[in-house]
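Visitor: Could you take me through one part of this model in detail, choosing a single residue and following its surroundings outward?

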Amino acid sequence: MAQAYFGKPSKTFVSGGAHVAVYLVPVYEGRLVVFDVAASAARGRWLPWDILEFGGNPYEAAAALADDWCDGAVSDLTLADAMSFPFEEGSWELALVFRAELTAIPAGDAARSTFVYDPGEFDAIGNFDPVDLERWALRGLPAPEAPPGGGVSDNLVF
């Protein structure tokens, strides 16, 4: 069984290596906020993310992403999850996912425009499945109200 011991820090991805990435899941009033990136190397819809520097503090890295991508309009920043993904050329990624509760929708800039999903709408973004994004986005929000009678028929006997 291979153990998780890592070599010296590198300035780029290394075949067969490992890295820790910090992801930010911005949420505005229970709605997922993502970014349409215009850069040719990363064109598409993304969550803010970055590779954690060797010895870096994940919370500080998430706060820096919130400042840069979300105009610092964050009322709450919490660790939401830790996930593991295979990466290019036999490498491995440990993803630390932070949820950022926004106080305003970010303006975006020339390199990225803000996209806000409709309430209850979630789509796969990068390695993350819609069910994960929904769980993170709706964390802390009140559960939907049950129908009268709890949705159970009065005729059922257990």
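Guide: What follows begins at Arg99 and moves on to the helix beside it.

This is a predicted model, and within it Arg99 belongs to strand 6, which covers residues 91-102. Its relative accessibility is 5%, and because buried means under 20%, Arg99 counts as buried. Two partners are reached by the side chain of Arg99: the side chain of Glu101, in a polar contact at 2.8 Å, and the backbone oxygen of Ala137, also at 2.8 Å. Leaving aside residues up to four places away in sequence, Arg99 touches Val25, Val27, Asp76, Leu77, Thr78, Ala80, Trp136, Ala137 and Arg139.

Two of these neighbours, Trp136 and Ala137, lead to helix 2 (residues 130-138), where they are buried together with Asp132 and Leu133. Viewed down the axis of helix 2, the buried residues fall within an arc of 125°, so they line one face of the helix. An α-helix has 3.6 residues a turn, so residues three or four places apart point the same way. The buried residues of helix 2 pack against strand 6, the strand that holds Arg99, and also against strand 1 (18-28), strand 2 (31-37) and strand 5 (74-87).

Strand 6 has a further role in the picture, since the largest pocket, with about 600 Å³ of space, takes two or more lining residues from each of strand 1 and strand 6.

Definitions and conventions
Residues are numbered from 1 along each chain as its sequence is written. This is a predicted model: local features need pLDDT of at least 70, side-chain atom pairs count only at pLDDT 80 or more; totals for chains, interfaces and linings use all residues. Side-chain values use heavy atoms; hydrogens and water are left out. Helices (H or I, at least four residues) and strands (E, at least two) are DSSP runs, numbered from the N terminus. Buried means under 20% relative accessible area, exposed over 50%, partly exposed in between (1.4 Å probe, protein chains only). A polar contact is a pair of N or O atoms within 3.5 Å; within protein, one must be able to donate a hydrogen and the other to accept it, and residues adjacent in sequence count only if both atoms are side-chain atoms. Contact means heavy atoms within 4.5 Å. The arc is that of the directions from the helix axis to the C-beta atoms. On a 1 Å grid over the protein atoms alone, a cavity is a set of points where a 1.4 Å probe fits but cannot get out, and a pocket is an open set with protein on both sides within 12 Å along at least five of seven lines; lining residues have an atom within 4 Å of a point. Grid points are joined across faces, edges and corners, and a volume is the space filled by probe spheres set on the points.
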